[in-house]
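Student: Could we go through this structure together? I would like to start with the overall fold and then move to the details.

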Amino acid sequence: MKTFLLALLLGCAAARATVVNCPPAANSFTVLLSEPSGDALPDRAAVERFLNKLQFELDQTRDERWINPGATPVAFRACPRRAPAMDGSEFSPEVVEQLNDQRVLLEIWGAVERDGTPPTLSAQINYLLVPLRFAADRRDAVQGLPNGLQRLRYPEAGAAPTQDAVQLVSRPLDLDAFVATALGLKLMRERAYEPAHANLCRASGLLGAMLKRPLTGRGKADLAALREFVGSSAGRVLREALADPAYSRTGLLRLQQPAQPCAGAE
């Protein structure tokens, strides 16, 4: 029965899914906050309140744990009426390439439901890591690329219930881990070696902390594969920096060893 209901939910979400254009933030890396589905947000006013509150929460009321490269910050952008399907089927290679060119790091969406007695909130949240999906579409590596669409369910086992949808999904550790991962991979492609390495090592530590939580199933397996890939990418950044004649002779990465790329850096 549960399998049938999940299939029905996904089918209905796919039927009404739309991906309208959402302009990224100017002069920034961007995280797109797209509309969730689900009966916890029953009308347009509720959806727009959720998106606006979520953007404010992420932009203004917390300390990020990724490392901004110079004067280019990471900004969150609410995207009303942009509502991808739960399976992410709209994200073709062409759509992902456009997002990557616009310096979009992540797109976040999902389903937020209210059920039970007394009613409580639950959610499945999708995190599309744009630089990782872009690399997969271009087949930049034959093996070893993890899933670019990470999925997590909230609340986790043992977590206190909440009636606030924003508090349910605005998990600082998870968001920071995925932003640091995507930012590190994006900067690695741009040969910004030091901030790429710093973010990948930060991401490795944050992903490791996430894996200590009571996650189960595919989400945990995908997360573990992502952390392994992030560690190997940090080593790749070191090797490429040390082999690049343009990299400074006094660069900080010359103090690191590719065999232990994040030693003392997480």
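Tutor: What follows is a conversation about this predicted model.

Student: How many helices and strands does the chain have?

Tutor: The chain has eight helices and five strands. Along the sequence they follow the pattern α-β-α-β-α-β-β-α-β-α-α-α-α.

Student: How does the radius of gyration compare with the globule rule?

Tutor: The radius of gyration is 19 Å, and the globule rule gives 18 Å for 266 residues, so the chain is as compact as a globular protein of that length. The C-alpha trace spans about 60 × 40 × 35 Å along its principal axes.

Student: What share of the residues is buried?

Tutor: Buried residues account for 48% of the 266 in the chain. As for contacts with a separation of 6 or more, 71% of them come from residues 24 or more positions apart.

Student: Let us turn to the sheet. What is the strand order?

Tutor: The order is S2-S1-S3-S4-S5, in an open sheet of five strands with mixed pairing. Strand S2 (74–79) and S5 are the edge strands, each pairing on one side only. On average, neighbouring strands of this sheet are turned by 20° against each other, direction ignored.

Student: And S3 with S4: parallel or antiparallel?

Tutor: S3 and S4 run antiparallel and are joined by 10 bridges. Within this part of the sheet, Glu107 stands opposite Leu128 in S4.

Student: Which strands does H6 lie across?

Tutor: H6 lies across S1, S2, S3, S4 and S5, and runs at about 155° to S3. Helix H2 (residues 44–60) lies across strand S1 (29–34) and S2, and its angle to S2 is about 175°.

Student: Now H4, please. How many of its residues are buried?

Tutor: Six of the eight residues in helix H4 (residues 130–137) are buried, so the helix is mostly covered. The buried ones are Val130, Pro131, Leu132, Arg133, Phe134 and Ala135.

Student: What do those buried residues pack against?

Tutor: Their partners include strand S3 (104–115), strand S4 (120–129) and strand S5 (149–154). The helices they pack against are helix H3 (93–101), helix H6 (172–189) and helix H8 (217–243).

Student: At what angle do H4 and H6 pack?

Tutor: The angle is about 50°, and the axes are 7 Å apart. That angle makes H4 oblique to H6.

Student: Which residues meet there?

Tutor: From H4, Pro131, Leu132, Phe134 and Ala135 take part, and they meet Ala182, Leu185, Lys186 and Arg189 in H6. By class, this contact has six nonpolar residues, two charged residues and no polar ones.

Student: Does anything stand out in the backbone? What is the phi of Arg139, for instance?

Tutor: Arg139, just after H4, takes a positive phi of about 55°. Arg103 also has a positive phi, near 65°, in a residue other than glycine. Arg103 lies in the loop between H3 and S3.

Student: Why does Arg103 count as partly exposed?

Tutor: Its relative accessibility is 27%, so Arg103 counts as partly exposed; that class lies between the 20% limit for buried and the 50% limit for exposed.

Student: And Arg191: buried or exposed?

Tutor: Arg191 counts as exposed, because its relative accessibility is 61%. It is found in the loop between H6 and helix H7 (193–211). Its phi is near 60°, a positive value in a residue other than glycine.

Student: Moving on to peptide bonds, which residues does the cis bond join?

Tutor: The cis peptide bond joins Tyr154 and Pro155, with omega at about -5°. Pro155 lies in the loop between S5 and helix H5 (165–169).

Student: One last proline. Where does Pro172 lie?

Tutor: Pro172 lies in helix H6. At 39% relative accessibility, Pro172 counts as partly exposed.

Student: Which residues does Pro172 touch?

Tutor: Pro172 touches Arg62 and Arg65, leaving aside residues up to four places away in sequence. As for Gly231, 59 residues apart from Pro172 along the chain, the two C-alpha atoms are separated by 21 Å.

How values were computed
Residues are numbered from 1 along each chain as its sequence is written. This is a predicted model: local features need pLDDT of at least 70, side-chain atom pairs count only at pLDDT 80 or more; totals for chains, interfaces and linings use all residues. Side-chain values use heavy atoms; hydrogens and water are left out. Buried means under 20% relative accessible area, exposed over 50%, partly exposed in between (1.4 Å probe, protein chains only). Helices (H or I, at least four residues) and strands (E, at least two) are DSSP runs, numbered from the N terminus. Contact means heavy atoms within 4.5 Å. Two strands pair if DSSP finds at least two bridges between them. Axes are lines fitted to C-alpha atoms, for helices over the stretch in contact, and angles run from 0 to 180 degrees between N-to-C directions. Angles under 35 degrees count as roughly parallel, over 145 as roughly antiparallel, 65 to 115 as roughly perpendicular and the rest as oblique. Ala, Val, Leu, Ile, Met, Phe, Trp, Tyr, Cys and Pro count as nonpolar, Asp, Glu, Lys and Arg as charged, and the others, Gly among them, as polar. The radius of gyration is taken over C-alpha atoms; the globule rule is 2.2 Å times the number of residues to the power 0.38.
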